[in-house]
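Got your viewer open? Load the model, switch to cartoon, and keep the selection box handy.

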Amino acid sequence: MKAKLIESRAQPGRWVVEGNLDFETAKDLREQIIAAMRHVQQSVVLDLSQVERANSVGLSLLLVAARALKERSVELKVEGMPAGLRSMAEVYGLDEWLDA
């Protein structure tokens with residue numbers, strides 16, 4: 001399944017990721033993330049609750065978003081992270097963006 005990054009109309013600054021975060025979708029989603037984060041002026045929430053499957057590529061994509069936002073001192077928070085991806089993030093010390 002193709003991955004998409006969708007901006008929430010109801011909640012500015014909230015972006016929903018849908019689909020699979022894997023090697024097949026990484027390049028296209030990476031470009032979507034870079035383009036979207038380039039124009040963000042406020043804190044960002046990446047909602048991963050609609051992600052169907054994810055592997056380590058998902059963490060790489062989170063780092064892409066974080067890097068793009070850090071350049072402009074914009075805060076990143078990640079919510080709805082799939083359990084497997086959450087475990088990987090904790091092992092790698094990337095869990096500072098996770099929701100409570």
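The tour goes from the whole chain to the strands and then to single residues.

**Before you click**

This is a predicted model, where local features need pLDDT of at least 70 and side-chain atom pairs count only at pLDDT 80 or more, while totals for chains, interfaces and linings use all residues. Residues are numbered from 1 along each chain as its sequence is written, and side-chain values use heavy atoms, with hydrogens and water left out.

**Stop 1: everything**

Start with the cartoon of the protein: you should find 3 helices and 4 strands. Helices (H or I, at least four residues) and strands (E, at least two) are DSSP runs here, numbered from the N terminus. Following the sequence, the order is β-β-α-β-α-β-α. The radius of gyration is 12 Å, close to the 13 Å from the globule rule for 100 residues, so the protein is as compact as a globular protein of that length. That radius is taken over C-alpha atoms, and the rule is 2.2 Å times the number of residues to the power 0.38. Turn on the C-alpha trace and it spans about 30 × 30 × 25 Å along its principal axes.

Now colour by accessibility. Of the 100 residues, 44% count as buried; buried means under 20% relative accessible area, exposed over 50%, and partly exposed in between (1.4 Å probe, protein chains only). Show the surface next: about 5,900 Å² is accessible, and 49% of that belongs to carbon and sulfur atoms. Those areas come from the Shrake-Rupley method with a 1.4 Å probe, and for residues only the protein chains shown count as cover.

How far apart are the mean positions of the positive and negative charges? For the 13 positive and 15 negative charges, the answer is 5 Å. Lys and Arg count as positive and Asp and Glu as negative, with His and the chain ends not counted; the charge is placed at NZ of Lys, CZ of Arg, CG of Asp or CD of Glu.

**Stop 2: the β1 and β2 hairpin**

Select residues 4-7 and 14-21, which are strands β1 and β2; they run antiparallel and are joined by 4 bridges. Two strands pair if DSSP finds at least two bridges between them. Pick out I6 and you'll see V16 of β2 standing opposite. The hairpin has 6 residues between its strands, and G13 takes a positive phi near 90 degrees.

Stay in β2 and click G19. G19 counts as buried, at 1% relative accessibility. Leaving out residues up to four places away in sequence, G19 touches M1, K2, A3, Q50, V51, E52 and R53, where contact means heavy atoms within 4.5 Å. Draw a C-alpha to C-alpha distance from G19 to R53: 7.1 Å in space, for 34 residues in sequence.

**Stop 3: β3 beside β4**

Select 44-54 for strand β3 and add β4; the two run parallel, with 4 bridges between them. L46 stands opposite V78 in β4.

Which side chains of β4 (residues 76-79) are buried? L76 and V78 point to one face and are buried, while K77 and E79 point to the other and are not. In a regular strand the side chains alternate between the two faces of the sheet.

Back in β3, select D47. With a relative accessible area of 10%, D47 is buried. Its contacts, again skipping residues up to four places away in sequence, are R14, W15, V16, V17 and E79. For a longer ruler, try D47 to M1: the C-alpha atoms are 18 Å apart, with the two positions 46 residues apart along the chain.

**Stop 4: out to the loops**

Go to the loop between α1 (26-37) and β3, and select R38. R38 is exposed, at 52% relative accessible area, and its C-alpha is 7.6 Å from that of L69, 31 residues away along the chain. H39 sits in the loop between α1 and β3 too; H39 is exposed at 60%, with a C-alpha distance of 9.5 Å to L69.

For the last click, choose S73, in the loop between α2 (56-70) and β4. Is S73 buried or exposed? Exposed, with a relative accessible area of 69%. Check the backbone too: phi of S73 is near 55 degrees, a positive value in a residue other than glycine.
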